[in-house]
Amino acid sequence: SIESEDEIRIDANTMLIPSKNRLIAEGKTYTLAHKECEILTYMSARPKRVISSDELIQNLWEYESMPSDATIRVYIKNLRNIIGKDKIQTIRGSGYYFES
């Protein structure tokens, strides 16, 4: 069977390829941690909406392996370093806002 390249356009200069955990930004290719890729895929499917840490945990982690808030903050920080701080904003007390 032929596997299709599933590409998610983040913006004009940024493309996510979830099947390969790759992000292409400004012509550079980055290999993301699996959870970083899942978080970015989840957020990009829900742009312009506040997503809480609890929502991320419920939808992306198994019950036995639930992360701490600090772990999620590290993943978000790593993603911001690649795609830019303006793309994922922290809404204090609520969660994260993804700007597509």
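How many salt bridges does the structure hold? Four, if a salt bridge is a side-chain nitrogen of Lys or Arg within 4 Å of a carboxyl oxygen of Asp or Glu. Three of them are on this tour, including one that links distant parts of the chain.

Before you click: this is a predicted model, where local features need pLDDT of at least 70, side-chain atom pairs count only at pLDDT 80 or more, and totals for chains, interfaces and linings use all residues. Residues are numbered from 1 along each chain as its sequence is written, and side-chain values use heavy atoms, with hydrogens and water left out.

**Stop one: K87 and D11.** Select both and look at their side chains, which meet in a salt bridge at 3.3 Å, N to O. K87 sits in the loop between α3 (69–83) and β6 (88–91), while D11 is in strand β1 (residues 8–11), 76 residues apart. Helices (H or I, at least four residues) and strands (E, at least two) are DSSP runs, numbered from the N terminus. K87 is buried at 11% relative accessible area, and D11 is partly exposed at 22%. Buried means under 20%, exposed over 50%, and partly exposed in between (1.4 Å probe, protein chains only).

**Stop two: K35 and E38.** Move to helix α1 (residues 34–44), where this pair lies three residues apart, about one turn of the helix. Their side chains form a salt bridge at 2.8 Å, N to O. K35 is buried, at 17%; E38 is partly exposed, at 23%.

**Stop three: E55 and R49.** Now pick these two, whose side chains pair up in a salt bridge at 2.8 Å, N to O. E55 counts as buried at 16% relative accessibility, whereas R49 is partly exposed at 33%.
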